[in-house]
Structures are given as structure tokens and as C-alpha cells.
Amino acid sequence: MAESTSPLRIVEETPAYWRIVFDYPPFNIMDGPMFQSLQDLLGRMDASQELRVVVFESAIPDFYLAHFDLTGNLGNVMTAVGLSGLPILLDTFVRLTTSPVVSIARIRGCVRGASSEFVLACDMRFASRENTRLGQPEVAVGLHRAVAVPSGSRIW
């Protein structure tokens with residue numbers, strides 16, 4: 001059997017509760033494959049009639065989720081449009097935020113950049129006191145994103 005190369009492992013603890021494990025060494029970087037995996041997960045979440053709660057955690061002790069892949073492996077996350085009508089990057093966060101499934105970020109390790117936006121899209125966040133580090137490096141260099149929201153979309 002071939003080993004999976006997906007950045008996410010989905011552990012279906014019960015039909016109503018799934019653990020989603022980020023396992024994308026060495027840093028759980030936010031790149032094209034990560035966003036594709038998150039989009040696939042959101043599709044599975046939408047299709048499940050029984051799912052009530054997902055808990056996101058990391059298999060890598062020092063990194064919950066890292067920043068964007070600055071080497072250019074972002075694929076189409078900035079150009080392709082998702083189900084919400086927004087680019088895949090923003091669509092992922094909006095769909096997670098508006099999902100009827102309760103999402104919980106179980107944070108241990110570093111969370112930077114777009115990863116901060118991911119955990120903020122979750123309904124709840126719990127962080128370890130021992131090694132959680134939160135960062136938004138875009139602010140220090142003056143980067144920000146302007147977002148055009150399609151009419152009828154809800155962003156909370």
C-alpha cells in the first residue's frame with residue numbers, strides 16, 4: 001500500500017467527531033497541497049450528515065502551522081475561486097467559519113501568518129502554555145490583503 005502524501009490525516013473518532021492532524025514536515029507550511037487538502041476536507045465535512053465537531057492539531061511538536069510557502073508552491077490559491085466565490089485562500093477560511101460543524105484549534109507550537117488566519121477561522125482555540133508562539137509577520141513589513149466580498153456572502 002502506498003503511503004499518503006496528504007498534509008492532513010483525518011481520524012474519524014466517531015461519526016460525529018473527527019481529529020484533523022496536520023502532518024506536513026518539517027513545518028506544516030501553508031502551500032498549494034495544504035490548501036487543496038483543506039478544501040477536500042471541507043467538502044467531506046459538508047457531505048457528512050453526522051459530523052458535529054472537528055479538532056485540528058499538529059503531529060509536529062514545534063509547529064502547529066507555519067506561514068505561506070514563499071518558494072512559490074502556492075498553486076492556484078490566490079487565483080482560483082472556491083465555493084464561496086472568493087479565491088481559494090479566503091474561501092478556505094470563510095467556509096470553515098460558516099460551517100455548521102464546530103471547529104476547534106488545539107494549538108501547540110508556532111502559528112504564523114496565514115496560519116493565524118486559519119486558527120481565527122475556527123470556532124474555538126486552545127493553546128498550550130508550554131510552547132505556543134503566535135506571529136503575524138506581515139504587519140511588521142506592511143503587507144495586508146484587500147478583500148472584495150461577493151454580495152450575499154457572510155464574513156463574521
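Cys110 stands opposite Arg133 in strand 8, and this pairing belongs to a predicted model in which strand 6 (residues 110-112) and strand 8 run in the parallel sense over 3 bridges. The protein contains 4 helices and 8 strands, and along the sequence these follow the pattern β-β-α-β-β-α-β-β-α-β-β-α. Of the 156 residues in the protein, 42% are buried. Among contacts between residues at least 6 apart in sequence, 64% join residues at least 24 apart.

**The sheet of 3 strands**

- An open sheet is formed by 3 strands in the order 4-6-8, and the pairing within this sheet is parallel.
- Its edges are strand 4 (63-65) and strand 8 (133-135), each of which pairs on one side only, and the twist from one strand to the next averages 20°.
- Helix 3 (residues 114-121) lies across strand 4, strand 6 and strand 8, and the direction in which helix 3 runs is at about 100° to strand 6.
- Strands of a sheet pair through backbone hydrogen bonds, in either a parallel or an antiparallel arrangement.

**The sheet of 5 strands**

- A further open sheet is built from 5 strands in the order 1-2-3-5-7, with pairing that is mixed.
- The edge positions in this sheet are taken by strand 1 (8-14) and strand 7 (124-127), each pairing on one side only, while the twist averages 20° from one strand to the next.
- Strand 2 (residues 17-22) and strand 3 (residues 53-58) run parallel and are joined by 6 bridges, and within this pair Arg19 stands opposite Val55 in strand 3.
- Helix 1 (residues 32-47) packs on the sheet, where it touches strand 1, strand 2 and strand 3, and the direction of helix 1 makes about 25° with that of strand 1.
- Helix 3 also packs on the sheet, touching strand 2, strand 3, strand 5 (102-107) and strand 7, with a direction that makes about 135° with that of strand 5.

**Helix 3 and its contact with helix 2**

- The axes of helix 2 (residues 88-98) and helix 3 come within 8 Å and cross at roughly 20°; with angles under 35 degrees counting as roughly parallel, the two helices are therefore roughly parallel to each other.
- The crossing of helix 2 and helix 3 is right-handed, and the contact is made by Phe93, Leu96 and Thr97 on the side of helix 2 and by Ala114, Glu117, Phe118 and Ala121 on the side of helix 3.
- By character, the residues of this contact divide into 5 nonpolar, 1 polar and 1 charged.
- Helix 3 is mostly covered, with 6 of its 8 residues buried, namely Ala114, Ser115, Ser116, Phe118, Val119 and Ala121.

**The loop between strand 2 and helix 1**

- Pro25 and Pro26 are joined by a cis peptide bond with omega of about 5°, and Pro26 is found in the loop between strand 2 and helix 1.
- Asn28, which is found in the loop between strand 2 and helix 1, has a positive phi of about 55° although it is not a glycine.
- Asn28 has a relative accessible area of 0%; because buried means under 20% relative accessible area, Asn28 counts as buried.

**Val102 and its surroundings**

- Val102 lies in strand 5 and has a relative accessibility of 29%; since buried means under 20% and exposed means over 50%, Val102 counts as partly exposed.
- When neighbours within four places in sequence are left aside, Val102 is in contact with Arg52, Val53, Val54, Asp123 and Met124.
- One of these contacts, Met124, is 22 residues from Val102 along the chain, and the C-alpha atoms of Val102 and Met124 are separated by 8.1 Å.

Definitions and conventions: Residues are numbered from 1 along each chain as its sequence is written. This is a predicted model: local features need pLDDT of at least 70, side-chain atom pairs count only at pLDDT 80 or more; totals for chains, interfaces and linings use all residues. Side-chain values use heavy atoms; hydrogens and water are left out. Two strands pair if DSSP finds at least two bridges between them. Axes are lines fitted to C-alpha atoms, for helices over the stretch in contact, and angles run from 0 to 180 degrees between N-to-C directions. Contact means heavy atoms within 4.5 Å. Angles under 35 degrees count as roughly parallel, over 145 as roughly antiparallel, 65 to 115 as roughly perpendicular and the rest as oblique. A crossing is left-handed if the near helix is turned anticlockwise from the far one by less than a right angle, and right-handed if clockwise. Ala, Val, Leu, Ile, Met, Phe, Trp, Tyr, Cys and Pro count as nonpolar, Asp, Glu, Lys and Arg as charged, and the others, Gly among them, as polar. Buried means under 20% relative accessible area, exposed over 50%, partly exposed in between (1.4 Å probe, protein chains only).
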